[in-house]
Amino acid sequence: MKVLFLHGMAGDPDDINRTADLLPEFMISAPKVPYFDECHQSIEELADAVKQTLSPEYRGEDVLIAGNSLGGAVALCLGAHHRRVALVSSHIRMSTGRISRKMASLHQELARVFHDPSKLSRERVQRYESMWSQFTSCRKRFRRLGQLKRMAERFDYNGRYRLLQGRIALICGRHDPISPLDAFHDLRSAYPAMEMHIIEECAHAIPLEKPLALAGIFRQMSGS
C-alpha cells in the first residue's frame with residue numbers, strides 16, 4: 001500500500017515518521033507543502049505545486065492520500081485521482097483569532113495542538129521554539145499567515161466533500177479544539193457516506209500524539 005501524506009501549515013514532512021515506522025509494509029511519501037511560497041495564491045495552486053513534485057507511483061488511484069490539518073484541503077484537491085482520502089484532524093472551521101509574536105503564544109498554541117504537551121520531549125519543544133522565533137522575526141512569513149487563512153476561507157470545501165464523500169475517512173482527536181469533534185459530527189451528518197474515526201486522549205497533532213492509532217486506521221482503510 002502506498003500513502004501520500006500532506007503535512008499541515010505548521011507541520012513538516014517528518015510528522016509522519018513515527019506512523020511510518022509502524023507500517024513497514026507500506027510505502028509512504030511526504031512531500032514538503034510550500035505553504036509559505038507567496039507565488040501560490042489559492043489552495044488549488046498549492047495542490048498543483050505538490051503534484052508536480054510527486055513521482056509517478058504516487059499519482060495513481062491505488063494511493064491513499066492523507067492530509068493533516070490544512071493539508072486536508074490540499075488532499076481534497078488531489079483526491080479525485082485517488083481511491084481513498086484520509087482527513088487527519090483537517091481544518092473545518094478556520095480560527096480568526098489574532099496570534100501574538102510572543103513566545104508565550106507558542107506555548108498556548110502547543111496546549112491546543114497537543115492533548116498533553118507535558119509529554120513532548122525537550123528536544124521537540126526547543127525545535128518548536130526555534131521555528132517560532134524564525135517565523136515571528138520574518139514579517140513576510142507572518143503576513144503570509146493571514147493570506148493562508150483567506151485562501152482557506154475561499155476554498156470550496158463543500159464542493160469537494162460532495163464529489164469525494166464516498167472516498168473520505170474523517171480522523172479526529174477527541175479533545176481537538178482546533179478542529180473540534182462536533183464539527184466533524186456535523187460534517188458526517190451532511191455527508192453520511194464518509195467514514196469517521198475518533199482517537200481518544202488526542203488533540204490536533206494526531207500523527208505525533210497517536211501514531212499507533214493512525215497506523216491502525218491506515219491499515220483498515222487499505223483493507224489489510
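Me: Happy to start with the sheet: in which sense do strand 1 and strand 3 pair?
Reply: Strand 1 spans residues 2–6; strands are DSSP runs of E with at least two residues, helices are runs of H or I with at least four, and both are numbered from the N terminus. Pairing requires that DSSP finds at least two bridges between two strands. Strand 1 and strand 3 have four bridges, and their sense is parallel.

Me: Before we go on, which pLDDT do side-chain atom pairs need in order to count?
Reply: Residues are numbered from 1 along each chain as its sequence is written, and side-chain values use heavy atoms, leaving out hydrogens and water. This is a predicted model, so to speak of it with care: totals for chains, interfaces and linings use all residues, local features need pLDDT of at least 70, and side-chain atom pairs count only at pLDDT 80 or more.

Me: Which residue of strand 3 stands opposite L6?
Reply: L6 belongs to the pairing of strand 1 (residues 2–6) with strand 3. Its partner in strand 3 is G67.

Me: Good. What handedness does the crossover from strand 3 to strand 4 have?
Reply: Strand 3 also pairs with strand 4 (residues 84–88), in the parallel sense and over five bridges, and L64 stands opposite R84 there. Between these two strands the chain passes through helix 3 (residues 71–78), making a β-α-β crossover. The test is to look with the strands pointing away from the viewer: if the path from the first strand over the helix to the second runs clockwise, the crossover is right-handed. Here the crossover is right-handed.

Me: Is strand 3 buried or exposed?
Reply: The cut-offs are relative accessible areas under 20% for buried, over 50% for exposed and in between for partly exposed (1.4 Å probe, protein chains only). L64, A66 and N68 point one way from strand 3, while I65 and G67 point the other way. Five of the five residues meet the criterion, so strand 3 is largely enclosed by the rest of the structure. The answer for strand 3 is buried.

Me: And how many of the eight residues of helix 3 are buried?
Reply: The elements covering the buried residues of helix 3 include strand 1, helix 2, strand 3, strand 4, helix 7 (157–164) and strand 5 (168–173), where contact means heavy atoms within 4.5 Å. Helix 3 is largely enclosed by the rest of the structure, because the number of its residues that are buried is eight of the eight.

Me: Within what arc do the buried residues of helix 4 fall?
Reply: In helix 4 (residues 103–113), the buried residues are S105, L106, L110 and V113. They line one face of the helix, because seen down its axis they fall within a limited arc, 145 degrees. That arc is taken from the directions from the helix axis to the C-beta atoms. These residues pack against helix 5 (122–136) and helix 9 (206–209), and the arc asked for is 145 degrees.

Me: How many disulfides does the structure hold?
Reply: A disulfide is a pair of cysteine sulfur atoms within 2.5 Å. C39 is in none, as the nearest cysteine sulfur, that of C77, is 15 Å away. The sulfur of C202 has its closest cysteine sulfur in C172, 10 Å off and therefore too far for a bond. The number of disulfides is zero.

Me: Which residues are linked with D12 in a network of salt bridges?
Reply: A salt bridge puts a side-chain nitrogen of Lys or Arg within 4 Å of a carboxyl oxygen of Asp or Glu. D12 meets K32 at 3.4 Å, N to O, and R127 at 3.7 Å, N to O. R127 lies in helix 5 and D12 in the loop between strand 1 and helix 1, 115 residues apart. The residues linked with D12 in the network are D14, K32 and R127.

Me: Last one: at what N to O distance do E195 and R84 meet?
Reply: E195 sits in strand 6 (residues 195–199) and R84 in strand 4, 111 residues apart. E195 is partly exposed at 28%, whereas R84 counts as buried at 12%. Their side chains form a salt bridge with an N to O distance of 2.8 Å.
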